[in-house]
Amino acid sequence: MNLQELLRANIRNLEPYSCARDEFKGEASVYLDANENPYNAPYNRYPDPLQWEVKKRISTQKGVHIENIFLGNGSDEPIDLLYRAFCEPRIDNVVAIDPTYGMYKVCASINDVEYRQVLLNDEYQFAADELLQATDEHTKLIWLCSPNNPTGNSLNPDEIKKTLDNFNGIVVVDEAYIDFSSQQSFASRLSHYPNLVILQTFSKAWGSAAIRLGMAFASPEIVQVLNKIKYPYNINILTQQQALDVLDNAERTKQWVETLLKERANLIEELKKIPLVQHIYPTDANFILIKVSDANSVYHYLTDKGIIVRNRTKVSLCLNSLRVTVGTPEENKILLEELKKYNN
Ligand SMILES: *Cc1c(COP(=O)(O)O)cnc(C)c1O
């Protein structure tokens, strides 16, 4: 794969915006270069455009080199930037598994890029060959998500590897739920696959959905492209500070994950005893997809009790399925009690 050839011509030739904080990077005593107000420290100053402190901490935490890390305003940002970097509107296309996370398709529409979907099998797995058959010379990205949303299962790593080995474009593996998974992250394989982009996020295991911080791990060449086209100061200082704080308390995150995994196991055991639950799909994430007799009816019943789950009945292969996030022991107990009382 030749990355420069894969890029859109306008991005390849782009002269990026150069901000004051890009031009001078050292320590100084008098900053008169960015038209900032000298008062109201520290919020008067533009934040670090490349977030070095946060990346250093992530690098240690995840075992990924700093030059392999891109940070965005949630995973949403790298998802959108990948389209803008590689997909020529109305000409190029992308291929994705179906069902999966909805943002890949929305971003394709926003960027006027054809979105090709390949249905998973009834175990919610995919075959690399089938996915590759859906590609053509205009396919720039393949979207994989493992553990997958809304199904909850991890994708077969051998099929992911086969896709990476045989596709002449970018393969994105969204690992938003990897901290809850029994599977290994693909992050350790970055040096082996120059066409791999891994997405992770602070929104799930790290308990920080509100700060909007997403990570993309990829080859330095791909990271440079994303940095070139992002908004100069895409991660604000409040987010950077909060990220440092949560990374300094990694032990707390580990405990949350342990608690949630125990709760997940307990929730599954209890759900099995409830007659309206027809099937519980295997999960490697902090949510459980369950099949019920009538998803719309159960969904509205729960909503009336003040309990909100995600109704996925209209999603491919998810007829009459509800996606339930694992909550605190108290929240899970309330859910189970109400489900036990349901009768139609
Ligand atoms: C929740 C989720 C994300 C997180 O998105 P952010 O923009 O980082 O909050 C990413 N991918 C998948 C599949 C998700 O379910």
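**Exercise 1. Sort the residues of the shell around the ligand into nonpolar, polar and charged.**

*Solution.* Start with the head count: in this predicted model, 14 residues surround the ligand. Next, sort them by type: five are nonpolar, five are polar and four are charged. Finally, pick out the closest, which are Y177, T201, S203, K204 and R212.

**Exercise 2. Find polar contacts of the ligand with S75, D76 and Y177, and say how much of the ligand the protein buries.**

*Solution.* The cut-off to keep in mind is 3.5 Å between N or O atoms. Take Y177 to begin with: a polar atom of its side chain is 2.6 Å from a ligand oxygen. Then turn to S75, where a polar backbone atom lies 2.7 Å from an oxygen of the ligand. For D76, a side-chain N or O atom is 3.3 Å from a ligand oxygen. As for burial, the ligand taken alone exposes 390 Å², and the protein buries 94% of that.

**Exercise 3. Work out how the rings of Y46 and Y233 are arranged, and which parts of the chain they tie together.**

*Solution.* The model has eight aromatic pairs. In this one, the ring centres of Y46 and Y233 are 4.5 Å apart and the planes meet at 25°. Planes under 30 degrees apart count as stacked, so the Y46 and Y233 pair is stacked. Now locate the partners: Y46 is in the loop between α3 (20-23) and α4 (52-62), while Y233 is in the loop between α9 (220-229) and α10 (237-248), so the pair ties together parts 187 residues apart in sequence. Last, check accessibility: Y46, at 41% relative accessibility, counts as partly exposed, and Y233, at 22%, counts as partly exposed too.

**Exercise 4. Do the same for Y124 and Y281: is each residue buried or exposed?**

*Solution.* Geometry comes first: the centres of Y124 and Y281 are 5.1 Å apart with 45° between the planes, a tilted pair. Y124 belongs to the loop between β3 (114-119) and α7 (128-133), and Y281 to the loop between β8 (277-280) and β9 (287-292), so this pair links distant parts of the chain, 157 residues apart. Buried means under 20% relative accessible area. Y124 has 4% and is therefore buried; Y281 has 12% and is therefore buried as well.

**Exercise 5. Which residues form one aromatic cluster, and which charged ends sit over the rings of W52 and F186?**

*Solution.* The cluster is made of Y83, Y101, Y104 and W143. Over the ring of W52 sits the charged end of K55, 5.4 Å from the ring centre. Over the ring of F186 sits the charged end of R189, 5.2 Å from the centre.

Note on methods:
Residues are numbered from 1 along each chain as its sequence is written. This is a predicted model: local features need pLDDT of at least 70, side-chain atom pairs count only at pLDDT 80 or more; totals for chains, interfaces and linings use all residues. Side-chain values use heavy atoms; hydrogens and water are left out. A residue is near a molecule or strand if one of its heavy atoms lies within 4 Å of it. A polar contact is a pair of N or O atoms within 3.5 Å; within protein, one must be able to donate a hydrogen and the other to accept it, and residues adjacent in sequence count only if both atoms are side-chain atoms. Accessible areas come from the Shrake-Rupley method with a 1.4 Å probe; for residues, only the protein chains shown count as cover. Ala, Val, Leu, Ile, Met, Phe, Trp, Tyr, Cys and Pro count as nonpolar, Asp, Glu, Lys and Arg as charged, and the others, Gly among them, as polar. Rings of Phe, Tyr and Trp (its six-membered ring) pair if their centres lie within 6.5 Å; planes under 30 degrees apart count as stacked, over 60 as edge-to-face and the rest as tilted. Helices (H or I, at least four residues) and strands (E, at least two) are DSSP runs, numbered from the N terminus. Buried means under 20% relative accessible area, exposed over 50%, partly exposed in between (1.4 Å probe, protein chains only). A charge sits over a ring if NZ of Lys or CZ of Arg is within 6 Å of the ring centre and within 35 degrees of the ring normal.
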